[in-house]
Amino acid sequence: MSNNGVFMSPKIMIILGSASDIKIAQKAIDILETLEISYSLKVASAHRTHEKVKKLVVEATTKGVEVFIGIAGLAAHLPGSIAAYTHKPVIGVPVDVKVGGLDALFASVQMPFPAPVATVGIDRGDNGAILAGQIIGVNNPNVKKKVSELRKSYEKKIKNDEEKLITEINGKLFQKEFLNEYNEISEEELDKEEPHTDKIFKESESIKSVENTPMVSVVPGSYSDVEEAKKVVLTLERLGISYDISVISPVRYPDKFKKYMDQMKDVKLFIAVTGLSSHVTGSIVALSEKLVIGVPCSVELNGLDSLLSIVNMPPGVPVGTVGIGNGRNAGVLAGEILGISDKNIEKELKQMKYKTADI
Ligand code: C2R
């Protein structure tokens, strides 16, 4: 971006493994334009032009790029290679070129400590850009507001799509009017700052306010996820990041869960640690516009059920997912995000990343 002849670094760098990934990248571009976040876009492959990836990432990190988005199909080593050369958050968007994009998903998400890639769903360039917006929005109220407006546009879309669909159904037995009062979300409600929490907590019993709100809320969905959650909090401890940890299942204790979410409404981000069909991440996203990191746990199917149900979120509601059983990487990712504006966290993070990289 050029401003009176002075070159300013973009906030985000998008790197495509190939120009053939542009259809998915276009989804990210459209969102970043809506959020009014400056970005640069390059084509560079970890396999075909490794040196270029390295130079781009190192230079962009030095010049102040805050978030990287790596978009690639097949054996998508590109996001991981970006993560090797920066301590800034890296988002991976797996592209469906073969096998439904599962190859690219695994290559992006299953990164070793301490090089997390916050992976979003297959072909979800839009969610990659929204996640980047949430990261920038942690310290930028204008971007936060834009992300919030974008979230509301998805709510309006559901309402409009439903109305259109209903008028197209002509079955004789179809009861068009049944429970229609729930279709009416007023413009006022949609325009509220945090519509979900406001709406839901109005009627709940009084909620004590949490003094000294922690930076991060860690939510294991069950006591069986606690061992994994411990890895998250030990990493947060090492990075000097304050946190709350509470075991709460939105399926088993929905009311308690909603109350907890309200108590945590001022945290900077959530880390959900969960196995099986992972409703914890989805429930947090439904109740909050804050950034959510998901840690899939291996309970059944080696954690595949959990990984897929955390990562493959619909457009508008991303969850930045780390590898199965890699709670430590969720802690590192939180450090990368919070380290953008906190020099102390950044210092500890660099120590952790670049020291262990020698092993
Ligand atoms: P071509 O269309 O250029 O043959 O690329 C690209 O991201 C693309 O989806 C086919 C697919 O290969 C992917 N690719 C990677 C990497 N480089 C290219 N996964 C990498 O470095 O990870």
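This is a conversation about a predicted model, in which a visitor asks how its labels were reached.

Visitor: Let's start with burial. Why is Leu301 called exposed?

Guide: Leu301 has 12 C-beta neighbours inside 10 Å, and the label exposed applies at 12 or fewer. Leu301 therefore counts as exposed. Its place is in the loop between β11 and α12 (304-311).

Visitor: And what makes Leu74 partly exposed rather than buried?

Guide: Leu74 has 19 C-beta neighbours inside 10 Å. Buried begins at 20 and exposed ends at 12, with partly exposed in between, so Leu74 counts as partly exposed. It is found in the loop between β5 (67-73) and α3 (78-84).

Visitor: How do you know which label Asp96 gets?

Guide: By the same kind of count: 16 other C-beta atoms lie within 10 Å of Asp96, so it is partly exposed. Asp96 sits in the loop between β6 (90-95) and α4. Its C-alpha atom is separated by 9.5 Å from that of Ile24, 72 residues apart along the chain.

Visitor: What is unusual about the backbone of Leu74 and Leu301?

Guide: Most residues other than glycine have a negative phi. Leu74 has a positive phi of about 55 degrees although it is not a glycine, and phi of Leu301 is near 50 degrees, also positive.

Visitor: What makes the peptide bond from Phe113 to Pro114 cis?

Guide: Its omega is near 0 degrees. Most peptide bonds are trans. Pro114 belongs to the loop between α4 (102-109) and β7 (118-119).

Visitor: On to helices. How do you know that the buried residues of α1 share a side?

Guide: The buried residues are Ile24, Ala25, Ala28, Ile31, Leu32 and Leu35. They cover an arc of only 120 degrees around the axis, which puts them on the same side of α1. In general, an α-helix has 3.6 residues a turn, so residues three or four places apart point the same way. The face turned away from the buried side of α1 carries the exposed residues Lys23, Gln26 and Glu33.

Visitor: How does the span of α1 compare with the expected one?

Guide: Helix α1 (residues 22-35) has 14 residues, and its first and last C-alpha atoms are 19 Å apart. That is close to the 20 Å expected at 1.5 Å a residue.

Visitor: Why is α6 said to lie largely in the open?

Guide: Of the 28 residues of α6, two are buried, so the helix lies largely in the open. Helix α6 (residues 141-168) reaches 41 Å from its first C-alpha to its last, close to the 40 Å expected.

Visitor: Now the strands. What makes β5 mostly covered?

Guide: Seven of its seven residues are buried. In a regular strand the side chains alternate between the two faces of the sheet. On one side of β5 are Val67, Ile69, Ile71 and Gly73, on the other Phe68, Gly70 and Ala72, and all are buried.

Visitor: How do you know which strands pair with β5?

Guide: Pairing calls for at least two bridges. Strand β3 (residues 12-16) is joined to β5 by five bridges, and β5 and β6 pair over six. Both pairings are parallel. Ile14 has Ile69 as its bridge partner in β5, while Ala72 stands opposite Pro94 in β6. With α3 between them, β5 and β6 make a right-handed β-α-β unit.

Visitor: What makes β10 mostly covered?

Guide: Six of the six residues of β10 (residues 269-274) are buried. Leu269, Ile271 and Val273 lie on one side, Phe270, Ala272 and Thr274 on the other.

Visitor: And what pairs with β10?

Guide: Strand β8 (residues 216-220) pairs with β10 in the parallel sense over five bridges, and the partner of Val218 in β10 is Ile271. Six bridges join β10 to β11 (residues 291-296), which run parallel, and Thr274 stands opposite Pro296 there. Together β10, helix α11 (residues 279-287) and β11 make a right-handed β-α-β unit.

Visitor: Finally, which residues are closest to the ligand?

Guide: The closest are Gly17, Ser18, Ser45, Ala46 and Gly73, in a surrounding set of 17 residues. By class, that shell has eight nonpolar, seven polar and two charged residues.

Conventions. Residues are numbered from 1 along each chain as its sequence is written. This is a predicted model: local features need pLDDT of at least 70, side-chain atom pairs count only at pLDDT 80 or more; totals for chains, interfaces and linings use all residues. Helices (H or I, at least four residues) and strands (E, at least two) are DSSP runs, numbered from the N terminus. A crossover is right-handed if, with the strands pointing away from the viewer, the path from the first strand over the helix to the second runs clockwise. A residue is near a molecule or strand if its C-beta atom, placed from the backbone, lies within 6 Å of it. Ala, Val, Leu, Ile, Met, Phe, Trp, Tyr, Cys and Pro count as nonpolar, Asp, Glu, Lys and Arg as charged, and the others, Gly among them, as polar. The expected span of a helix is 1.5 Å times one less than its number of residues. The arc is that of the directions from the helix axis to the C-beta atoms.
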